[in-house]
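Work through the exercises below with the sequence and the 3D structure open. Each solution goes step by step.

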Amino acid sequence: MMANKAISTKHAPGAIGPYSQGVKAGNTVYVSGQLGLVPETGEFAGEDIEAQTRQSLTNIRNILEAEGYSMNDVVKTTVLLKDIGEFGLMNDIYKDFFCEPYPARAAFQVAAIPKNGRVEIEAIAYKE
């Protein structure tokens with residue numbers, strides 16, 4: 001039986017609770033929800049949905065790369081939005097990080113996101 005392995009990189013914000021930035025289980029990597037926080041400052045990359053989406057996905061990419069994975073290995077994402085009315089703006093940035101075949105995805109408006117963020121994205125990646 002293969003043990004789960006925590007993934008940690010200084011190129012993404014540190015966990016602010018009892019969780020890992022990511023966990024590798026077999027050939028699958030589970031990336032915890034990423035806010036649009038700049039790792040070096042702990043502050044949001046910007047106040048708008050575009051800046052926060054770009055930083056959230058950059059953080060996901062950096063966590064994946066720490067384990068030898070890439071955005072091309074992502075098979076599923078979940079997007080949490082403060083305002084579903086910003087879905088199109090988020091999607092405009094999101095499409096720059098993925099290519100076909102695109103990952104499966106769910107997107108929800110939620111009552112609140114940590115630190116009063118506009119978006120939080122989690123990802124699951126798999127490769128042989």
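Helices (H or I, at least four residues) and strands (E, at least two) are DSSP runs, numbered from the N terminus. The model is predicted: local features need pLDDT of at least 70, side-chain atom pairs count only at pLDDT 80 or more, and totals for chains, interfaces and linings use all residues. Residues are numbered from 1 along each chain as its sequence is written, and side-chain values use heavy atoms, with hydrogens and water left out.

**Exercise 1.** Compare the expected span of helix α1 with the distance between its end C-alpha atoms.

Solution. The expected span is 1.5 Å times one less than the number of residues. Helix α1 covers residues 49-66, which is 18 residues, so it should span 26 Å. Its end C-alpha atoms are 26 Å apart, in agreement.

**Exercise 2.** Describe the two ends of α1 and its burial.

Solution. At the N-terminal end, D48 is the cap, with a side-chain oxygen 3.1 Å from the backbone nitrogen of E50. Just after the helix, G68 has a positive phi of about 85°. Between them, 13 of the 18 residues of α1 are buried (under 20% relative accessible area, 1.4 Å probe, protein chains only).

**Exercise 3.** Which residues touch the most other members of the largest nonpolar core?

Solution. A nonpolar core is a set of buried Ala, Val, Leu, Ile, Met, Phe, Trp, Tyr and Cys residues joined through side-chain atoms within 4.5 Å. The largest has 23 residues, and L57, I60, L64 and M71 touch the most other members. Two or more residues each come from β3 (28-34), α1, β4 (74-81), α2 (87-94) and β6 (119-126). Helix α1 gives the most, with 5 residues.

Methods:
Buried < 20%, exposed > 50% of the residue type's maximum accessible area, 1.4 Å probe, protein only. Polar contact = N/O pair within 3.5 Å; in protein donor to acceptor, adjacent residues only side chain to side chain.
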